[in-house]
Amino acid sequence: MKPILRLYRGYANEEELIVFGHVFSPNNTGDYEFEKKRFKNARSILNMFRVKTIPNAEVFLELNGEKIRTKTLKDGYFKFCIPLKSQLSYGWTDYYVSTYYNNEEIKEKGTYVRPHEGNLGFISDIDDTFLVSHTRNFFKKIYILLFKNINSRHIFEDVVPHYQGLSTAGRYNKEEQNAFFYVSSSEWNLYNFIVKFTAKHQLPRAVLLLKDIKTSLTDFLVTGRGNHGHKFDKIKHILEFYPHLQYTLLGDDSQHDPYLYEDVCKIFPLTVKAVYIRQTGTHKKEKAEKAVKNIESMGVATCYFKDSSEAIAHSKKIGLIK
């Protein structure tokens, strides 16, 4: 059976293109169906964590009439970091990657973005920032993930108008969107779900940077948990990749976002414009409040909010959106 090639949204600046994906062993589980109800939905979700990856598989990127070759890492992940001889066009553009099986080419199409010229960038967490996930309650989180399909998962009220406003902030041409990234401790297993969920709710089309793939049901039980250092590394990478942008960071207080963002602000004192932290419990967390106040003392606009209407009002107050 043919291997499965999955591509993710890539990104580029004036000097480099980065695209990435996975190569999986074929399976009999079929496409993951996120609109199935209850047990059928649970089966689709569990199947996402039963994938088997192919290490050291050859993959080829088509760019400017040539095929660039690399191989997958031990977990089946591949990444092309390509220096550019000429600048790419702005906005979203298709790219093609292929692999071979018994001399037969398997080709897939992905997309990458070179953000339109501007001065604003946005980095958002996912779980409990815009997607209601109940991360603080382990059993509730697992129950919702398994038994609530894409149509019954909830988004926080007023998140969509806030994010849509941020996506076109500062632009006369509303067709040109600001650079938007979703950086999460969710694993690559959940990529398709997140893409479909954000599209369904008309959230900004964004590059996703997720955690290493998981390949067992045991791993499923700890999805989204563990070390969050990868989030810091990926945020740092984005800020270094697009150093001329002024960034707004959006997260929540259910895990480590306030402290990650505090560290980011310390290392990039001229780069972060604003930080938004959603309150997920009944009361604000003392440690999170302390981190937010420290961020504010560094000259960064902050908003520790319960409802997105507060965040919208704050964005208007500081002139981020109109």
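**Entry 1: aromatic rings**

Before I start, a definition: rings of Phe, Tyr and Trp (its six-membered ring) pair if their centres lie within 6.5 Å. I keep in mind that I am looking at a predicted model.

I searched the whole structure and got 24 aromatic pairs. I then picked one pair to look at, Trp-188 with Tyr-191, whose ring centres are 6.0 Å apart. Are these two residues buried or exposed? I found that both Trp-188 and Tyr-191 are buried. The angle between their planes is 45°, and planes under 30 degrees apart count as stacked while those over 60 count as edge-to-face, so this pair goes down as tilted.

Next I asked which residues form one aromatic cluster with Trp-188 and Tyr-191. My list for that cluster also has Tyr-8, Tyr-11, Phe-20, Tyr-77, Phe-181, Phe-241 and Tyr-242.

**Entry 2: charges over rings**

I looked for charged side chains sitting over rings, and here are two I noted. Arg-9 lies over the face of Trp-92, 5.8 Å from the ring centre. Lys-107 has its charged end over the ring of Tyr-96, at 5.7 Å from the centre.

**Entry 3: the sheet**

In what order do the six strands of the open sheet run? I read the order as S11-S10-S9-S12-S13-S14, with parallel pairing. At the edges I found strand S11 (207–211) and strand S14 (301–305), each pairing on one side only. From one strand to the next, the twist averages 15°.

I zoomed in on S9 and S12, which run parallel and are joined by five bridges. I looked up Ile-123 as an example, and its bridge partner in S12 is Leu-249.

**Entry 4: helices across the sheet**

Now for helix H3, residues 159–167. Which of its residues are buried? I wrote down Val-159, Val-160, His-162, Tyr-163, Leu-166 and Ser-167. Looking down the axis of H3, I see these buried residues fall within an arc of 165°, so they line one face of the helix.

What do the buried residues of H3 pack against? I found strand S9 (120–124), strand S10 (179–187), strand S12 (246–252) and strand S13 (272–278), along with helix H9 (308–317). That goes nicely with my next look-up: H3 lies across S9, S10, S12 and S13, and runs at about 135° to S10.

I checked helix H6 (residues 229–241) too. H6 lies across S9, S10, S11, S12 and S13, and its angle to S10 is about 165°.

How values were computed: Residues numbered from 1 in each chain as written. Predicted model: local features only at pLDDT ≥ 70, side-chain atom pairs only at ≥ 80, totals over all residues. Heavy atoms only, no water. Buried < 20%, exposed > 50% of the residue type's maximum accessible area, 1.4 Å probe, protein only. Lys NZ or Arg CZ within 6 Å of the ring centre and 35° of its normal. Helix = DSSP H or I, 4+ residues; strand = E, 2+ residues; numbered from the N terminus. Arc of directions from axis to C-beta. Contact = heavy atoms within 4.5 Å. Pairing = 2+ DSSP bridges. Axes fitted to C-alpha atoms, helices over the stretch in contact; angles between N-to-C directions.
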